[in-house]
Amino acid sequence: MGNQAWPCGDGRRRRKPSGRATATVLSIAAALTLAACGSDDGAGSGTGGGGALSGKKLAIVMPESVPGYSKQIGCGAFDEGRKLGFDVSPPQGPSKSQDAAEQAQVLQSALARNPDGLIYSAVDPKAGSVAIKPAVAQGLPVVTADVPLADASLSISFISSDHEAGGKLGGELLAKQIGERGQVVAIGVIPSHPITRGRIAGFRAAMAEFPGIDVVGIKYPDLDVNKIAAEAAALLNRYPDLKGIYTSNDLVASGVATALRQTQKVGKVKVITWDLQPVGIKLLREGSVTGSVVQRPREEGRMAVRQIANELTGKPVTKTLTPPISTVSNDQIDSPKTKALYYSNPC
């Protein structure tokens, strides 16, 4: 590419990474005990759009390559990138979901192509910050989606749902389903994670508005569906009149559903979860989960690409953006409106 001045007002310049910069990137990968990754055969050419963005290369690196929430972010980014005229590679991610080591290899492969912009959602916010720092120092604009980097200064924009607002919506739906009275519990995982913290905080805020509801516990079992099921079974035994359970994700909901089946309480205890991934859709259809908070991952991806486009064309960049969020109950799961929001929809 050679030296190329940024068309934006902050005066940064973008250069093709030098041999020294490339060595720095690879040394980081070596420090993580990773090997360099080969080329990707799935590169795509941009269609539509044009003008200042025509031929600009866009990379998309997500925490997983399997169907699910982050894959939908990547799909939205890919579609929007092609629409705007980018030479955009299909979303890339580790074959094993949330594998930080493999994602680092995927990232190095993407950076080796010298993209003009990167949409990035790191498995590990700290290691992910280290991994992209040399490329950012060379002028690469990065937009992060869903999970922020530990060093927020490395991204020009962060796109994510408002998890506290979503938790409040989920809590309100649960309150409605139990008639605003009775005992409820919340079950989350990894209490230190910012997403979990937001989702539980929103739930607490919602419950504070209903004096007839008694929150008898907030639990954080290990990230294992069997241990989650055991925790839920213990709660159902301890509180035989329990009316509702709020869960921070569909893994937790899966464990709760197992406990409900074992105790013949499916439908008797209302359960609210998050997302419309395949497992969550199944639980909603069978009635073991009675409602869900629904994010807009494809819109996250589209919003992220627009911020990269703004940066490359000298338009204002917004530091933080939040896509819409809503709730659905299980009797709405097969409506056309809800189906359009499934996280299993193909790219």
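Which helices each supply at least two residues of the lining of the largest pocket? Here are some notes that start there and then move to the strands.

1. Happily, the answer is a short list: helix H2 (69-83), helix H6 (194-207) and helix H8 (250-262) each contribute at least two lining residues to the largest pocket. Please keep in mind that this is a predicted model.

2. The space in this largest pocket comes to about 860 Å³. Its lining consists of 31 residues, and those closest to the centre are Gln-98, Asp-146, His-193, Ile-195 and Asn-249.

3. As for the chemistry of that lining, 13 residues are nonpolar, 13 are polar and five are charged.

4. Turning to the strands, S10 (residues 242-247) is a good one to look at next. Five of the six residues in S10 are buried, so the strand is mostly covered.

5. S10 pairs with strand S8 (residues 182-187) in parallel, through five bridges. If you would like a residue pair to check on screen, Ala-186 has Tyr-246 of S10 as its bridge partner.

6. S10 also runs parallel to strand S11 (residues 270-274), with three bridges joining the two. Here Ile-245 stands opposite Val-271 of S11. The chain travels from S10 through H8 to S11, making a right-handed β-α-β crossover.

7. One link between the two parts of this note is worth a look: H8, the helix of that crossover, is also one of the helices that supply at least two residues of the pocket lining.

Conventions: Residues numbered from 1 in each chain as written. Predicted model: local features only at pLDDT ≥ 70, side-chain atom pairs only at ≥ 80, totals over all residues. Heavy atoms only, no water. 1 Å grid on protein atoms, 1.4 Å probe; cavity = no way out; pocket = protein on both sides within 12 Å on 5 of 7 lines; lining within 4 Å. Points joined across faces, edges and corners; volume = space filled by probe spheres on them. Helix = DSSP H or I, 4+ residues; strand = E, 2+ residues; numbered from the N terminus. Nonpolar A, V, L, I, M, F, W, Y, C, P; charged D, E, K, R; others polar. Buried < 20%, exposed > 50% of the residue type's maximum accessible area, 1.4 Å probe, protein only. Pairing = 2+ DSSP bridges. Right-handed = clockwise from strand over helix to strand, strands pointing away.
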